[in-house]
Amino acid sequence: MSKPNPGGALVIGAGFIGTHVAREFCQQGLPTKVLTRSPPTGKDLSGATVMVGNAADSFLLEEALWNTRHVVYCAGGLMPAESAEAPL
């Protein structure tokens with residue numbers, strides 16, 4: 001009997017912190033996706049599925065969240081000022 005798939009991890013942002021978080025997930029054997037606005041050049045994300053796009057794109061985000069159990073938001077602080085006034 002096979003174990004149920006526990007789902008993977010989605011790391012949003014591939015900067016310094018996001019890259020390190022994604023690498024750790026991959027080393028632990030967790031299926032990992034990284035969603036980043038620009039292709040990560042010079043960063044070792046082997047073992048992770050890299051998705052390039054905007055996390056504000058609901059269709060892309062839905063695709064990224066498919067079969068995902070853990071989400072770590074590591075993107076920079078470029079949120080509009082209004083987001084603090086009306087959070088989701």
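The paragraphs below describe the fold, the helix packing, two residues of neighbouring interest and the nonpolar cores of a predicted model.

The chain contains three helices and four strands, which succeed one another along the sequence in the pattern β-α-β-β-α-β-α. Of its 88 residues, 30% count as buried. The surface exposed by the chain comes to about 6400 Å², and 59% of this is supplied by carbon and sulfur atoms. Contacts between residues at least 6 apart in sequence include a good share that reach further along the chain: 47% of them join residues at least 24 apart.

The four strands form an open sheet in the order 3-2-1-4, with parallel pairing. Its edges are strand 3 (48-52) and strand 4 (68-73), each of which pairs on one side only. From one strand to the next, the twist averages 20°. Within the sheet, strand 1 (residues 8-12) is joined to strand 2 (residues 32-36) by four bridges in the parallel sense. A reader wishing to find this pairing in the model can look at Val11, whose bridge partner in strand 2 is Val34.

Two of the helices can be placed against this sheet. Helix 1 (residues 16-27) packs on the sheet and touches strand 1, strand 2, strand 3 and strand 4; the direction of helix 1 makes about 170° with that of strand 1. Helix 2 (residues 58-65) likewise lies across strand 1, strand 2, strand 3 and strand 4, and runs at about 165° to strand 2. Both ends of helix 2 offer a local detail. At its start, a side-chain oxygen of Asp57 comes to within 3.0 Å of the backbone nitrogen of Phe59. After the helix comes Asn67, with a positive phi near 60°.

Strands 2 and 3 can be followed through a pair of residues, Thr36 and Val50. Thr36 has its place in strand 2 and, with a relative accessibility of 9%, counts as buried because this value is under the 20% cut-off. A polar atom of the Thr36 side chain lies 3.1 Å from the backbone oxygen of Ser38. Beyond residues up to four places away in sequence, Thr36 touches Ala14, Val50, Met51, Val52 and Gly53. Val50, for its part, is found in strand 3. Its relative accessible area is 34%, so Val50 is partly exposed, falling between the limits of 20% and 50%. With neighbours within four places in sequence set aside, Val50 is in contact with Val34, Thr36, Pro40 and Leu45. For Val50 and Val34, a separation of 16 residues in sequence corresponds to 4.8 Å in space, C-alpha to C-alpha.

The buried nonpolar side chains gather into separate groups. The largest nonpolar core has ten residues: Ala9, Val11, Ala14, Ala22, Phe25, Leu30, Val34, Leu45, Ala48 and Cys74. Strand 1 and helix 1 each contribute at least two residues to this core. Another core, of six residues, lies apart from it and includes Leu35, Met51, Leu60 and Ala64. Cys74, a member of the largest core, is in contact with Val11, Ile12, Gly13, Ile17, Gly18 and Val21 when neighbours within four places in sequence are left aside. Val34 also belongs to the largest core, and the same residue is the bridge partner of Val11 and a contact of Val50.

Note on methods:
Residues are numbered from 1 along each chain as its sequence is written. This is a predicted model: local features need pLDDT of at least 70, side-chain atom pairs count only at pLDDT 80 or more; totals for chains, interfaces and linings use all residues. Side-chain values use heavy atoms; hydrogens and water are left out. Two strands pair if DSSP finds at least two bridges between them. Axes are lines fitted to C-alpha atoms, for helices over the stretch in contact, and angles run from 0 to 180 degrees between N-to-C directions. Contact means heavy atoms within 4.5 Å. Buried means under 20% relative accessible area, exposed over 50%, partly exposed in between (1.4 Å probe, protein chains only). Accessible areas come from the Shrake-Rupley method with a 1.4 Å probe; for residues, only the protein chains shown count as cover. A polar contact is a pair of N or O atoms within 3.5 Å; within protein, one must be able to donate a hydrogen and the other to accept it, and residues adjacent in sequence count only if both atoms are side-chain atoms. A nonpolar core is a set of buried Ala, Val, Leu, Ile, Met, Phe, Trp, Tyr and Cys residues joined through side-chain atoms within 4.5 Å.
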